[in-house]
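Visitor: I would like a close look at the place where the chains meet, and then at the side-chain pairings that surround it in the wider structure. Please take me through it slowly.

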Amino acid sequence: MTFLGVAILALLAGLITVVVNAGRHRESLDARNVRRVFQYAVLYALVVVSAIGATELLGRLLGAEAPAWQDDSYALAQALTFVLVGVPLAALLAWWTWRSHRASPAETRSPLFTTYLTIAALTGLVVAAAGLQVAVFEAIDHAEFDAQATARFVVWAAVWLGHWIVARRSLDVAAATPHLLLGSLVGLVLAATGLIQLLGTSLDLLLRPGAVVPPLTGLARGAGLLTAGGLVWIRYWVLSASRLPRQVLWLAYVLLIGVAGGLIMAIAAVSMLLWTILVWIVGDRLDQTFAQHFDSTAMQTATAVIGVVIWWYHRAAVGQSAAEHREIRRTYDYLVGGIALIAAASGVGTIIVALIEAATPGLDIGMPTINTLLAALTLLVVGTPVWWFHWQRLKAAVGADPAAEVAALSRRIYLVLLFGVAGVAAVVALLVAAYAFFRDLVDAQLGTATLRAMRYGLGVLVASAAVSAYHGAVFRQDRQIDVPDRPSRPRSVVLIGAHDPDLVRRIRQATDSPAELWVRTDAAAEQWDEESVLAALDGYSGKDLLVIADETGLRVLEVDRRR
Amino acid sequence: MDGGEAGLSRVPPNAVLGVVAALVVVLAVVTALLTTQRERPELDPGTPEGTVQIFILAFVEGDDDQAVALLDPALGCSAPLRDVYRPSRVSLSVVSSKITGEEGVVVLDVTEYSGGLFDSWSHREDFYLIRADGSWLITGNPWPVYSCK
């Protein structure tokens, strides 16, 4: 049933890719693409089935024993079937695919082939990493050789390696980027979790000897995760993805996953840590002993340290590009400032929650109001300085070059996103608070308990209002700054000539006009020259244009797409 | 409208930020004062709402003998209470409490905290009570024990 599910999912993913791709590139939904969907879905299912069977057989060869609940005969018969039927079929289909690729380069360029390679390689990677993690864990924690985990690692690592080699030989940089970045993400998550586990358990063992039982388990789990994640991360990020061109997807990964992810980890962990300390010093300890109260401190410290390292590392990676691109610097400041602002705004909302709890009668067991107030102050203390630092830097940039900064896409997106998020949060909070109010109104039991039931909704509402009020003032101030009109631009551009997907992206960026490329098949087209294309487009404000590249150079034709 | 918008436009962002910051500081100080003066409420076992809160307090803190003593014997509960959901951190407020003859109904607003402050959820619970020998006993299917049978 699992394989059926995998096959159906693969088919659906393939069909979605075909439809989306056809829409994006205005390709016809032809029979070749539908054939490719089935071809790669079946190949993927066969590879998975074969690997499962091979894992079972290799595990038995290495000495693995079936668990007591498993029907041993059934498992062996299934494994033999998967290997003896699945492997030849997979090999046959792979051979036919290889031949079709040799006969037609269009097959290799197909997005479905890229999708297949990406999914198959990542499947092998994730399962192999999980197998390696368990094998290392068992070796350290129980000093045992886990045959099944080792078999899983060996077989799935082979699946990964095969697809990795094919991907390296077949895919160009643009097509390989999602694969490399997703693999980097897998490695980063596993390695970071392993590092946190290792560091946290080590600190726990040093600071609270005797409290961690059994002492080796946490270290073994961390070592397993770090080994698997570290290898994946080095292969995918250090040796590959970190050297990719600084395109949109690469920057999105580094900024959103590396910088923002690391910062969120660090801010959350530091907040928890600070809160725990404040509660111990000035809050309600709830009769806990020191060891009980600080039982999560080691893990929180480790999370904060690793979060800061991840943030710092990716910030440095962006920094090299940021020195060249002002927009990247800007985006980084808005992203980090935005995350810190959310933490500070949560602090404001939590003060309202604490205020209502303190002002209304109620019985708090295990979460006294003083601890809620300390949580609010912690969020403010952690979030406000980070936001202030980045926001001051952005304000200085606006002061130096108001027109350019106010017109910057990242600033406009930041302000719109803030208003959007604050607006959605406010609407949801209003609904929640209003529901609590009307519920008690209908039941004729309005009272202080009603206000207490509304406290979270009101907290979010007030925090959203505070964020909106300040950024509303910023938005209005921005509108008073004169922004020079944009240069004239065409309404749309169709380029006809040699295949060059990067050119389309650059023309879209430079002109802010929708652009697409039709590849010439009647003659060998000249390579595009971006400067010449941009020069040729100049002066055609509001026009639909066809730009044809042939042996005489560039020809620009005005057309009307609407007729 | 134009005048209003023009007026708004003249408000510098730093002024708005200053007002927001001042309000946050004032709210935090007021909350701190209220919090430090706040004491655990006196719970009267002679009232339905007091009985219900004493029951939950005893149950959450693991005093099953006291919790079971406040339950109707017809529920079949005995200390220690096993195989029951036992929240560790809750916040209670009385929404309403009504007495009709020998019976009482208490509605509580319950907020449970799981991982921390931001991992909480609230729900309403009705408690039905009967008077026995001058005190109140909880009957029906009381949260979070429900039934022992």
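Guide: Two residues are taken to be in contact when heavy atoms of theirs lie within 4.5 Å. On that basis, 43 residues of chain B are in contact with 46 residues of chain A, and please keep in mind throughout that the model is predicted. The area buried between chain B and chain A comes to about 3800 Å², and carbon and sulfur atoms give 64% of that area.

Charged pairs also occur at this interface, where three salt bridges are found between chain B and chain A. D109(B) forms a salt bridge with R439(A), and the closest N and O atoms of that pair are 3.9 Å apart. That distance should be read against the cut-off, because a salt bridge requires the side-chain nitrogen to be within 4 Å of the carboxyl oxygen. D109(B) and R439(A) also belong to a network of salt bridges, in which they are linked with D440(A) and R124(B).

On the chain B side, the UniProt record, an unreviewed entry, places a "transmembrane region" at residues 15–34 of chain B. In the model this span is 100% helix and 0% strand, and the C-alpha atoms at its ends lie 28 Å apart. Elsewhere in chain B, R86(B) sits over the face of F59(B), at 4.4 Å from the ring centre.

Chain A, the partner in this interface, has 19 helices and five strands, and its C-alpha atoms fill a box of roughly 80 × 75 × 50 Å along the principal axes. Of its 563 residues, 46% count as buried. Among the contacts in chain A with a separation of 6 or more, 75% come from residues 24 or more positions apart, and the pairings described next give individual examples of links across the sequence.

I take the salt bridges before the rings. The structure holds 19 salt bridges over all chains, and one of them joins D333(A) to R393(A), with the closest N and O atoms 2.6 Å apart. D333(A) belongs to helix α12 of chain A and R393(A) to helix α13 (residues 369–400), so this pair ties together parts that are 60 residues apart in sequence. D333(A) is buried, because its relative accessible area is 3%, whereas R393(A), with a relative accessible area of 29%, is partly exposed.

R491(A) takes part in two of the salt bridges I wish to show you. With D544(A), the N to O distance is 2.9 Å; D544(A) lies in strand β4 (residues 544–550) and R491(A) in the loop between α17 (455–479) and β2 (492–497) of chain A, so parts 53 residues apart in sequence are tied together. D544(A) counts as buried at 3% relative accessibility, while R491(A), at 33% relative accessibility, counts as partly exposed. The salt bridge of R491(A) with D560(A) has an N to O distance of 3.9 Å. Here D560(A) lies in the segment after β5 (553–559) of chain A, so the pair ties together parts that are 69 residues apart in sequence. D560(A) counts as partly exposed, because its relative accessibility is 29%.

The aromatic rings come next, and a search of the whole structure finds 21 aromatic pairs over all chains. W160(A) and Y236(A) have ring centres 6.3 Å apart and planes at 50°, so their pair is tilted. This pair links distant parts of the chain, with W160(A) in helix α6 (residues 147–170) and Y236(A) in helix α8 (residues 215–238) of chain A, 76 residues apart. W160(A) counts as buried at 15% relative accessibility, and Y236(A) is buried with a relative accessible area of 0%.

A further tilted pair is formed by Y334(A) and Y414(A), at 4.8 Å centre to centre and with 40° between the planes. Y334(A) lies in helix α12 (residues 326–359) and Y414(A) in helix α15 (residues 409–442) of chain A, so this pair ties together parts that are 80 residues apart in sequence. Both Y334(A) and Y414(A) are buried, and they share one aromatic cluster with W387(A), W388(A), W391(A) and Y470(A). Finally, a charged side chain meets a ring in chain A as well: R246(A) lies over the face of W250(A), at 3.9 Å from the ring centre.

Methods: Residues numbered from 1 in each chain as written. Chains lettered and ligands numbered in written order. Predicted model: local features only at pLDDT ≥ 70, side-chain atom pairs only at ≥ 80, totals over all residues. Heavy atoms only, no water. UniProt positions renumbered as here; feature names shortened; annotations may be inferred. Helix = DSSP H or I, 4+ residues; strand = E, 2+ residues; numbered from the N terminus. Phe/Tyr/Trp six-rings, centres within 6.5 Å; stacked < 30°, edge-to-face > 60°. Buried < 20%, exposed > 50% of the residue type's maximum accessible area, 1.4 Å probe, protein only. Lys NZ or Arg CZ within 6 Å of the ring centre and 35° of its normal. Buried area = accessible area lost by both parts, 1.4 Å probe.
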